[in-house]
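Work through the two exercises below with the coordinates open, treating each solution as a sequence of steps to be checked in turn.

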Amino acid sequence: MSITYLEAIREAQYEALRSDPSVFLYGQDIATFGGAFKATKNLSREFPDRVFDAPISEDAMIGMAVGAAVEGARPIVEMQFADFSSIGFNQIINQAATLYWRTNVPCPITIRMPSGGTAGSGPFHSQSMEAIYAHYPGLVIVTPATVEDAYWMLLDSVEINDPVVFCEHKFLYYHLKADRIGDRELPIGKARIARPGRHATIVTYSAMVHEALRAAEELQLDGYQIEVVDLRSVKPMDTDTILASVARTGRLLALGEAFPWGGVTAEIIARVTTEGFHLLDAPPMRLNSKDTPIPYHPNLWKAHRPTTATIAAALRTLLRH
Amino acid sequence: MLLSRVLEEKLGSLYRAGGRIVGGVYLGKGQEAFSAALGVQLRKGKDVYAPLIRDQAGRIAFGEPIIDTVRTYLGAVTGPMRGRDGNIHRGRPKEGHMAMISHLGSMLAVASGALFARRLAGRLGDSVGATSIGDGGTSTGAFHEGLNMAAVEKLPMIVSVANNQYAYSTPNTRQYACENLVDRALGYGVEGVTVDATDLASCLKAFRAAVARARAGGGPQMVVGTLLRLSGHGEHDDASYIPDKARQGPNARDCLQVAEEFACAHGWMTPAEVRELHEEVRRTVDQTVSKVSKEPTPDPYKENWQALSCAELVEGQYKA
């Protein structure tokens, strides 16, 4: 028996619906059809009164979830692709994110965003939106990289009394498997050392954790031990764990799949250089996608995002300093 | 209506005097009948109300105490927004009074969501939701998405559209191309009526009927009120773009005066009683403003500066 990252997301929603009658699911094609990726497969059969197809109206979907949350519901809204959340952007950053601060009424909604690139998906079905949302106060942004985190962090997200943007990576949906879902280990807000090392630190999240681990394997053949920090949530960002890792290794590579301008990797570098400059033995490095829309053809797509090879090359440069 | 008018006049004079009100002041002058006629149909604690800019009258009719208005305008910490937001951006969501954001059309889905959740929990009962918008706001994608969704879900929503001819300075000819705004209702599969919004009696009849249809399961109801905004967009705006012809037209009738004349003509009040009522309301408003003026404004050193309700998720708070 094994369970995929996608199945873990489905199981977590099943468990949320089962354990809490105030949870309901709202999204395009999620009821009978089970969702574009089948993340809600059969859930409408199990919970016919709490799984609803939504019109193609991302703005209204989020607005509706906020109103429902005011009334004590805990909606999980599925954006069919993270890219389409741009249509719901206003409701996310201005309605959901400000509600508690303005009115003292919490806004426990979870917005699931199938994120990141897969070959052949092109500019509008591949985006990583975490940095955009992390920029705004009032939101929690989680980016699970493992099957366990996909399951437990989704359940945690539903329990949190604030709006959570749940960035689940489509590339991991089918490829990433675990024998079983282990115990809940870390709370949201705490990073995980995915691989210990002492020569350099890669701080990353989501699907890039796995590319980083492969690059670390490659560098091990050259005798380098690379530490990989999986942020798990980009907001809150676990600066303490990042700094502690850099204190051990003296070298930092911030890695992300999102576009290069600003964003999570820039935030990591900013925190380490302002709070831990003295820990660094070399200038910190960043690796992101290229600064173009995300290409369609696999030849281009593979060269657009960081890969094991480009990460390994960046590490070698970092280690030469 | 009268309380709203007098309160807003006071807020306008405080704004012009400078100092006390730091942000803008947005009046509903000329829209009180239309706004209040909806507000009086709603029951605070049972119904959901998501008012907009020019709904001071509707908010009073719904049951919002005017001290909430004054405290929000003056930024008092005792008010519902505690100085964190101001003027018309206020509400008490737990009492069914949603706090509008500035982005037009976006409250429609929020009010709908509250009804949706109640229905899900089996406690919708006979409650309805209501929200307001203007002619300009109907051009937004949020309005379209929200009304379509409310219609698909057949929610008991009343959508009041104050067609005051100008969105800030933009005339209706630059806002929409259909003959009548209410024609849009058909496209959403909702029932729509148009009413002379300068006439309180007509407004009351229209909203009473619309609320009854919504309560009876008729789905969303659109009520379009035809009128003219008798002020600028805000007190900073002299509305010089409104031509004299419009200012002298039938839409420019003052709904408050129309209502007072109507009451006197029916023998419900005498002109002397109307004058007395004005005085009494003025005293109430002055007393409220005077009380709030003595209340504390926010202290940045006491503000917790946390946008999340879960303190442990605020950046830098995690302790292993």
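Buried area is the accessible area, taken with a 1.4 Å probe, that two parts lose on being put together, summed over both. The model examined here is a predicted one.

**Exercise 1.** Characterise the contact between domain 1 of chain A and domain 2 of chain A.

*Solution.* Begin with the division of chain A, in which domain 1 covers 3-178 and domain 2 covers 192-320. The contact draws 30 residues from domain 1 of chain A and 23 residues from domain 2 of chain A. Next, take the area: the two domains of chain A bury about 2,100 Å² between them, with 61% of it on carbon and sulfur atoms. Then turn to the charged groups, where the count between these domains is one salt bridge; A:D149 and A:R232 meet through their side chains in a salt bridge with an N to O distance of 2.9 Å.

**Exercise 2.** Describe the interface of chain A and chain B, and determine which element gives the largest share of the chain A side.

*Solution.* First, count the residues in contact, which are 47 in chain A and 40 in chain B. The area buried between the chains is about 3,800 Å², and carbon and sulfur atoms give 62% of this; on the chain A side, A:E71, A:W101 and A:R102 lose the most area to chain B, together 23% of what that side buries. Second, consider the salt bridges, of which there are four between the chains; A:E71 forms a salt bridge with B:R123, the closest N and O atoms being 3.1 Å apart. Finally, at least two residues each are supplied to the chain A side by β2 (23-27), α3 (58-70) and α4 (85-103) of chain A, and the largest share, ten residues, comes from α4(A).

Methods:
Residues are numbered from 1 along each chain as its sequence is written. Chains are lettered from A and ligands numbered from 1 in the order in which they are written. This is a predicted model: local features need pLDDT of at least 70, side-chain atom pairs count only at pLDDT 80 or more; totals for chains, interfaces and linings use all residues. Side-chain values use heavy atoms; hydrogens and water are left out. Domain bounds come from an automatic or database domain assignment. Contact means heavy atoms within 4.5 Å. Helices (H or I, at least four residues) and strands (E, at least two) are DSSP runs, numbered from the N terminus.
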